[in-house]
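Let's take a walk through this one together, a piece at a time. Keep the viewer open and turn the model as you read.

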Amino acid sequence: MHIPDGFIDAATSAGAGAVTVAGLGVAAKRAAVELDDRAAPLAGLTAAFIFAVQMLNFPVAAGTSGHLIGGVLAAVLVGPWAAAICLAVVLVVQALFADGGLSALGLNILNMGLVGGMGGYLVFATVRAVLPKTRAGVLAATAVAAWSSVVLASAAFALEYAIGGTVDLSLRQVIGAMVGVHALIGIGEAVITCLTVSAVLASRPDLVYGARHLAPTLELRPAELAS
Amino acid sequence: MKRTSIFVLAGLAVAVALAVFVSPFASSEPDGLEKVARDQGFDVAARDHDLAGSPVADYGVEGIRNEKVGTGAAGLIGVAVTFGLALGTFAAVRARRDRSKVTT
């Protein structure tokens, strides 16, 4: 999903860059309010983990592979605002590895961090609201959101290509092909995201942002001695 | 050690293990976007990366001939740099909050 230099023209890339900078500014403001002392290292871990898992391309169809994007994974673990920042950090580091063009960095953060992460969280919150307030409900919402985030990010690319694509193609051609293959890759995204979130839920449920509503309400108990 | 620190260290260990030992065996087929670009014929528009000469370009490490070892080493570097940069970024984000607390 990493756009190289040259696919999208300079004006569209610059426009996307401006949208991305504005979006990250809002995300930073909101994340600053939400993050406590404990959450910052977790957000760092989330970014590092996503970098690692993004390297693990899995085969999806004849001659095609896909890899985790991680927008919804980050959003469910640390919240949508911190997630956008996590993805931005991952994409900046990947650019040092010559993955994702420098002129396309704004486009890539827009598609994977803002659309995939923040947009994916919107899907997560919507689905979660209609499901039972249980871990299974959180995981089901996570799966739907993870799949949707990949499809949404691929559709975002198609729209950007329709605006500033350097080889003339119809929107229908590009969006059909992009969404088609990413509907398959999205299944892998859903599986990896659910496995990871359920592992964290099993060990430290209190650390999962998207499962805060499951936390038991505080109750008053007599103090225990020497605890 | 605090429980959360232990969790973060354990998580980092998993990330490093995946990046170093699993990533060399990942599929090297084109990803979804690359495949679509080839099928639709706009792959020719891609330009060489500005950092194509970077010592870690394309997830290899300059000087390491063995491709699998190079990929694993690149993975280790990437996880470490990402963790460090993310910590720094979030520290900066939080510092801004602390500043705004003082002024308001």
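**Starting from a helix pair**

Helix 2 of chain A packs against helix 3 of chain A at an angle of about 165°, and their axes are 10 Å apart. Keep in mind as you turn the view that this is a predicted model. Angles over 145 degrees count as roughly antiparallel, and helix 2 and helix 3 of chain A are therefore roughly antiparallel to each other. The crossing of this pair, helix 2 with helix 3 of chain A, is right-handed.

Which residues do the touching here, in helix 2 and helix 3 of chain A? From helix 2 of chain A come Ala39(A), Leu42(A), Ala43(A), Thr46(A) and Ile50(A), and they meet Leu73(A), Ala74(A), Leu77(A) and Val78(A) of helix 3 of chain A. Sorted by class, that contact has eight nonpolar residues, one polar and no charged.

Now stay with helix 3 of chain A and look at its other partner, helix 7 of chain A. These two helices pack at an angle of about 20°, with their axes 9 Å apart. That makes helix 3 of chain A roughly parallel to helix 7 of chain A. The crossing of helix 3 and helix 7 of chain A is right-handed. On the helix 3 side you'll find Val72(A), Leu73(A), Val76(A) and Leu77(A), and they meet Thr193(A), Thr196(A), Val197(A) and Val200(A) of helix 7 of chain A. By class, the residues of this contact divide into six nonpolar, two polar and no charged.

Zoom out a little: is helix 3 of chain A largely enclosed or open? Eight of the eight residues of helix 3 of chain A (residues 71-78) are buried, so this helix is largely enclosed by the rest of the structure. The buried residues are Gly71(A), Val72(A), Leu73(A), Ala74(A), Ala75(A), Val76(A), Leu77(A) and Val78(A). What covers them includes helix 2, helix 4, helix 5 (105-130), helix 6 and helix 7 of chain A. Right after helix 3 of chain A comes Gly79(A), with a positive phi near 95°.

Next, see where chain A meets chain B. The contact takes 60 residues from chain A and 52 residues from chain B. Several elements of chain A supply at least two residues each to the side that touches chain B, among them helix 1 (10-34), strand 1 (58-61), strand 2 (64-66) and helix 6 (135-164). Helix 2 of chain A, which you have already met, gives the most to that side, with 12 residues. Taken by class, the side of chain A that touches chain B divides into 43 nonpolar, 14 polar and three charged residues.

For a close-up of the two chains touching, pick out Ala15(B). Ala15(B) lies in helix 1 of chain B (residues 3-22). Why does Ala15(B) count as buried? There are 26 other C-beta atoms within 10 Å of Ala15(B), and a residue is buried if 20 or more lie that close. Leaving out residues up to four places away in sequence, Ala15(B) touches Ala48(A), Phe49(A), Ala52(A) and Val79(B). Phe90(B) is 75 residues from Ala15(B) along the chain, and their C-alpha atoms are separated by 19 Å.

Now take in chain B as a whole. Chain B has three helices and zero strands, so to speak an α-α-α run from the N terminus on. Its C-alpha trace spans about 55 × 35 × 25 Å along its principal axes. The radius of gyration of chain B is 19 Å, whereas a compact globule of 104 residues would have one near 13 Å. Of the 104 residues of chain B, 27% count as buried. Among contacts in chain B between residues at least 6 apart in sequence, 49% join residues at least 24 apart.

Last stop: the loop between helix 2 (32-40) and helix 3 (67-103) of chain B, where Asp58(B) sits. Phi of Asp58(B) is positive, near 55°, in a residue other than glycine. Tyr59(B) lies in the loop between helix 2 and helix 3 of chain B, and phi of Tyr59(B) is also a positive value, near 55°. How do their surroundings look? Asp58(B) has 13 C-beta neighbours inside 10 Å and counts as partly exposed. Tyr59(B) is buried, with 23 other C-beta atoms within 10 Å.

Terms used: Residues are numbered from 1 along each chain as its sequence is written. Chains are lettered from A and ligands numbered from 1 in the order in which they are written. This is a predicted model: local features need pLDDT of at least 70, side-chain atom pairs count only at pLDDT 80 or more; totals for chains, interfaces and linings use all residues. Helices (H or I, at least four residues) and strands (E, at least two) are DSSP runs, numbered from the N terminus. The radius of gyration is taken over C-alpha atoms; the globule rule is 2.2 Å times the number of residues to the power 0.38. A residue is buried if 20 or more other C-beta atoms lie within 10 Å of its own, exposed if 12 or fewer, and partly exposed in between; C-beta atoms are placed from the backbone. Two residues are in contact if their C-beta atoms, placed from the backbone, lie within 7 Å. Ala, Val, Leu, Ile, Met, Phe, Trp, Tyr, Cys and Pro count as nonpolar, Asp, Glu, Lys and Arg as charged, and the others, Gly among them, as polar. Axes are lines fitted to C-alpha atoms, for helices over the stretch in contact, and angles run from 0 to 180 degrees between N-to-C directions. Angles under 35 degrees count as roughly parallel, over 145 as roughly antiparallel, 65 to 115 as roughly perpendicular and the rest as oblique. A crossing is left-handed if the near helix is turned anticlockwise from the far one by less than a right angle, and right-handed if clockwise.
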